[in-house]
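Open the model in your viewer and keep the selection tool at hand. Each stop below says what to pick and what is there.

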Amino acid sequence: MQYKDLGIYIKLKREASGVSLNKFAQEADVDCAILCRIENLKQGIKLNILEKIANNFGKTPAEFLYEFEHFEG
C-alpha cells in the first residue's frame with residue numbers, strides 16, 4: 001500500500017468503527033470538508049491533521065502509519 005492511499009485507510013477504519021464522517025471530524029477537531037477530501041483522495045494529508053486523526057483512533061501518528069503500512073484489507 002502506498003501513502004497516497006492513506007485516505008482510503010482512514011475511511012475504512014472510520015466506517016469500521018461505525019462513526020459518521022461528520023461525527024469523526026468533530027471529535028478529531030478536523031474540518032469535515034477537509035476530512036472528506038482526504039478520504040476521497042482529493043487532498044493530501046498534512047502532518048497536523050494526521051496527528052489529530054491518529055489521536056482520535058487512540059494512536060500516535062507513528063503507530064497509525066505502522067498499522068496502515070501493515071494493513072491487508
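Is Cys32 buried, partly exposed or exposed? Select it: Cys32 is partly exposed, with a relative accessible area of 25%. Bear in mind throughout that this is a predicted model.

**Stop 1: the cysteines**

Keep Cys32 selected and add Cys36. The sulfur of Cys32 has its closest cysteine sulfur in Cys36, at 6.7 Å. That is too far for a bond, because a disulfide needs the two sulfur atoms within 2.5 Å. Seen from the other end, Cys36 is in no disulfide either, and its nearest cysteine sulfur is that of Cys32. Cys36 counts as partly exposed, at 32% relative accessibility. Search the whole structure and you find zero disulfides.

**Stop 2: helix H3**

Now show residues 32-39, which make up helix H3. Pick Ile34 in this helix. Its relative accessibility is 22%, so Ile34 counts as partly exposed; the cut-off for buried is under 20%. Add Ile45 and draw a distance between the C-alpha atoms. The two residues are eleven apart in sequence and 8.8 Å apart in space.

Move to Glu39, also in helix H3. Is this residue buried or exposed? Glu39 counts as buried, at 3% relative accessibility. Now show what surrounds the residue. Leaving out residues up to four places away in sequence, Glu39 touches Gly7, Ile8, Ile10, Lys11, Arg14 and Leu21.

**Stop 3: ahead of helix H1**

Go to Asp5. This residue lies in the segment before helix H1, which spans 6-16. Asp5 is buried, with a relative accessible area of 18%. Which residues does Asp5 contact, leaving aside neighbours within four places in sequence? Select Leu41 and Phe68: Asp5 is in contact with both.

**Stop 4: the aromatic rings**

Color Tyr9, Phe24, Phe57, Phe64, Phe68 and Phe71. Together they form one aromatic cluster. The structure holds five aromatic pairs. A pair of aromatic rings is described by the distance of the centres and the angle of the planes.

Start with Tyr9 and Phe64. This pair is tilted, with 5.4 Å from centre to centre and 55° between the planes. The pair links distant parts of the chain: Tyr9 sits in helix H1 and Phe64 in helix H5 (residues 61-69), 55 residues apart. Tyr9 and Phe64 are both buried.

Keep Phe64 and swap Tyr9 for Phe57. How do the rings of Phe57 and Phe64 lie, stacked or tilted? They are stacked: the centres are 5.6 Å apart, with 10° between the planes. Phe57 and Phe64 are buried.

**Stop 5: helix H4 against H5**

Show H4 and H5 as cartoons. Two packed helices are described by the angle between their axes and the distance between the axes. Here the axes come within 8 Å and cross at roughly 80°. H4 and H5 are therefore roughly perpendicular to each other. Turn on the side chains where they meet. From H4, select Leu50, Glu51, Ile53 and Ala54; from H5, select Pro61, Phe64 and Leu65. By class, this contact of H4 with H5 has six nonpolar residues, no polar ones and one charged.

Stay on Ala54, in helix H4. Ala54 counts as buried, at 0% relative accessibility. Leaving aside neighbours within four places in sequence, Ala54 is in contact with Lys59, Thr60, Pro61 and Phe64. Then add Ile10. Ala54 and Ile10 are 44 residues apart in sequence, and their C-alpha atoms are 9.1 Å apart in space.

**Stop 6: helix H2 against H4**

Hide H5 and bring up H2 (residues 21-28), leaving H4 (residues 47-56) in view. At what angle do the axes of H2 and H4 cross? They come within 9 Å and cross at roughly 105°. That makes H2 roughly perpendicular to H4. On the H2 side, select Phe24, Glu27 and Ala28; on the H4 side, select Lys52, Ile53 and Asn56. These residues make the contact. Color them by class to finish the tour: the contact of H2 with H4 has three nonpolar, one polar and two charged residues.

Conventions
Residues numbered from 1 in each chain as written. Predicted model: local features only at pLDDT ≥ 70, side-chain atom pairs only at ≥ 80, totals over all residues. Heavy atoms only, no water. Helix = DSSP H or I, 4+ residues; strand = E, 2+ residues; numbered from the N terminus. Buried < 20%, exposed > 50% of the residue type's maximum accessible area, 1.4 Å probe, protein only. Axes fitted to C-alpha atoms, helices over the stretch in contact; angles between N-to-C directions. Parallel < 35°, antiparallel > 145°, perpendicular 65-115°, else oblique. Contact = heavy atoms within 4.5 Å. Nonpolar A, V, L, I, M, F, W, Y, C, P; charged D, E, K, R; others polar. Phe/Tyr/Trp six-rings, centres within 6.5 Å; stacked < 30°, edge-to-face > 60°.
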